[in-house]
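Reader: I would like to learn how to read a model of this kind, feature by feature. Could you take me through it, giving the general idea and then the case at hand?

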Amino acid sequence: MHRADPGSFRDPASHIVFDGDRVVRLLDERGLQGWNALSETSFFARATAEGRLIGAARLDRAPEGAVGALEHPRLRFISYPFEWTFSMLKDAALLQLDLLAEALAEGITIKDATPYNIQFVSGRPMFIDIGSFEAYSDGEPWIGYRQFTRQFLFPLLLRAHVGIAFQPWLRGNPEGPTAAEMRSLLGFWQRLKPSTLLHVSLQARMEERMSGAPIREQLKTAGFGVELILANIRKLRRLVERLEWTGSAEGWIEYESCRHVGRDREAKSEFLREAIEAHKPRRVIDLGANDGHFSEIAAAAGSLTIAVDGDEPVLDAIYRERSQVSIVVSDLTNPSPSQGWAGVERPALAERAQPDLVIAYGLIHHLIYTASIPPSAVLDWLADFGCPVVLEFVSPDDEMVSKLTANKTEAELHPGRSRIEFEEELARRFETTGSRTLGEGTRVLYRLRALAG
Amino acid sequence: MFFGYLDAGSGSLILQAILGGAAGILVAFKAWKARLVGKKAVADTQADIEPTDS
């Protein structure tokens, strides 16, 4: 019995279904032709061996209604471009361009160019949509060029040239900014840079002038050839490679300089190792992962570890160190919801994470004091994961809490913040299986097991 | 070749030729000119078959 992947339906030639734990790609006649062309290339063997392209094996028998079927390895965690850091989207863009250039050299093209076709496996980007490949016909342009600019290049330009985070934009509109929108966002001098002049300003102008006009046949007759696509890819690659975002180092240094971080780090690490040893989680989510130190401990113990934080520069630094951790940029007071077509195409973060252990170190005081979430609501949320939690409590007299509440009066804060009140709330939802008081006594670690029902 | 489920955008398609460099600019110009000739031919045909007021 097959279960359709709610995120795989746009291409009529190829879509994913789940057969239990197996991932199966169903192909129609055109999809099968694409697979036959791809599987014979040396590019396919090379890219899959290098982990840049997902593996695929033809199944002897296709399920009813399909002309052919492939099986793919199952990915353990899916993240979306609006949860990636700048460097992740940049590496994904370079992978997209490299694969297209290599495929074209062997007569194959990629018919779209969306970061949703790329996932991060062991900290590196992997192209996962085998159905996007098909034979290239002489004289055809690169169909995915506009999509590449909207979903890769413009979000990167938005961050690098305009200083605006691309994640909220891509979460609000997964198609990405249009060339006309990008033109409006760029300053006068930025519009005149050679890169933006062509890909943004000229594209916007030509889109306005030629909307809906048939041009494909005219291009072919005029002598359009693959060498023009390859020249465009080479220039785009140089452009993307040079894009830098200088926000990276600042967040990292700021976090490292916090006094409590160094003071409590070893005790918190040890407490976490004990919890991992006790529960042996397959999947761990580190909520408020900061510099990823505790995520790395879980990953080193063999758990698939998802590091979630709203601080993109810090997560970007983790990614650039080639961490094995799965990175998610998300504000925990507003985590990625279920969205897309029919509200189910892109499942919510909690649904994708499915952890066996939750790490909530250095987190709840930010939720309670900065985001004004009632302590009981924070605990309800943690209990909803339905698995053990390693939690750091921060009392109202902690140095960091004093900073967070410097401009707040008692009446503006939720009740239930003291250690006694907090432990009463804990007992309603969890069994405490371990605890440890840290440093000056204002911070307490708890190992918790959710109560049934 | 099937033209895909993706809207590639006419302006973006012709821009690709320009982005390909000097040789591509000539291709883009030829394609653009061919489109103008095509549009004119359609307009002339319509003018021939549409009744005129006298």
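Author: Let us begin inside a sheet, where D286(A) stands opposite A307(A) in β11(A). The model is a predicted one, in which local features need pLDDT of at least 70 and side-chain atom pairs count only at pLDDT 80 or more, while totals for chains, interfaces and linings use all residues. Residues are numbered from 1 along each chain as its sequence is written, and chains are lettered from A and ligands numbered from 1 in the order in which they are written.

Reader: How many bridges join β10(A) to β11(A)?

Author: Strands of a sheet pair through backbone hydrogen bonds, either parallel or antiparallel. Here β10(A) and β11(A) (residues 304–309) run parallel and are joined by five bridges; two strands count as paired if DSSP finds at least two bridges between them. Helices (H or I, at least four residues) and strands (E, at least two) are DSSP runs, numbered from the N terminus. Because four of its five residues are buried, β10(A) is largely enclosed by the rest of the structure. A residue is buried if 20 or more other C-beta atoms lie within 10 Å of its own, exposed if 12 or fewer, and partly exposed in between, with C-beta atoms placed from the backbone.

Reader: What is the order of the strands in the open sheet of seven strands?

Author: The order is β12-β11-β10-β13-β14-β16-β15 in chain A, with mixed pairing. Its edge strands, β12 (326–329) and β15 (430–438), each pair on one side only, and the twist averages 20° from one strand to the next (axes are lines fitted to C-alpha atoms, for helices over the stretch in contact, and angles run from 0 to 180 degrees between N-to-C directions). Within this sheet, β13(A) (residues 357–360) and β14(A) (residues 389–394) run parallel, joined by three bridges, and V358(A) has V389(A) as its bridge partner. By contrast, β15(A) and β16(A) (residues 443–450) pair in the antiparallel sense over eight bridges, with F430(A) opposite A450(A). These two strands form a hairpin with four residues between them, and G439(A) in the turn has a positive phi of about 35°.

Reader: Which residues other than glycine have a positive phi, K280(A) being one of them?

Author: Most residues other than glycine have a negative phi, and most peptide bonds are trans. Among the exceptions, K280(A) has a phi near 45° and lies in the loop between α12 (259–279) and β10 (283–287) of chain A, whereas N290(A), with a phi near 50°, is in the loop between β10 and α13 (293–300) of chain A. Their surroundings can be read from the counts: K280(A) is exposed, with 12 other C-beta atoms within 10 Å, while N290(A) is buried, with 23. R322(A), just after α14(A), also takes a positive phi, of about 60°.

Reader: How many residues of helix α14(A) are buried?

Author: Helix α14(A) (residues 312–320) is mostly covered, with eight of its nine residues buried, including E312(A), D316(A) and Y319(A).

Reader: Which residues touch the most other members of the largest nonpolar core?

Author: A nonpolar core is a set of buried Ala, Val, Leu, Ile, Met, Phe, Trp, Tyr and Cys residues joined through C-beta atoms within 7 Å. The largest one has 131 residues, of which I359(A), A360(A) and I14(B) touch the most other members. Its largest share, 10 residues, comes from helix α3 (residues 86–104) of chain A.

Reader: How many residues does the contact take from chain A and from chain B?

Author: The contact takes 38 residues from chain A and 24 residues from chain B, where two residues are in contact if their C-beta atoms, placed from the backbone, lie within 7 Å. On the side of chain A that touches chain B, α8(A) gives the most, with seven residues. As for confidence, the predictor gives the complex an ipTM of 0.75 and a pTM of 0.92. Chain B averages a pLDDT of 72, and 57% of its residues score at least 70; pLDDT is the predictor's confidence in each residue, from 0 to 100. Chain B has two helices and zero strands, and of its 54 residues 35% count as buried.
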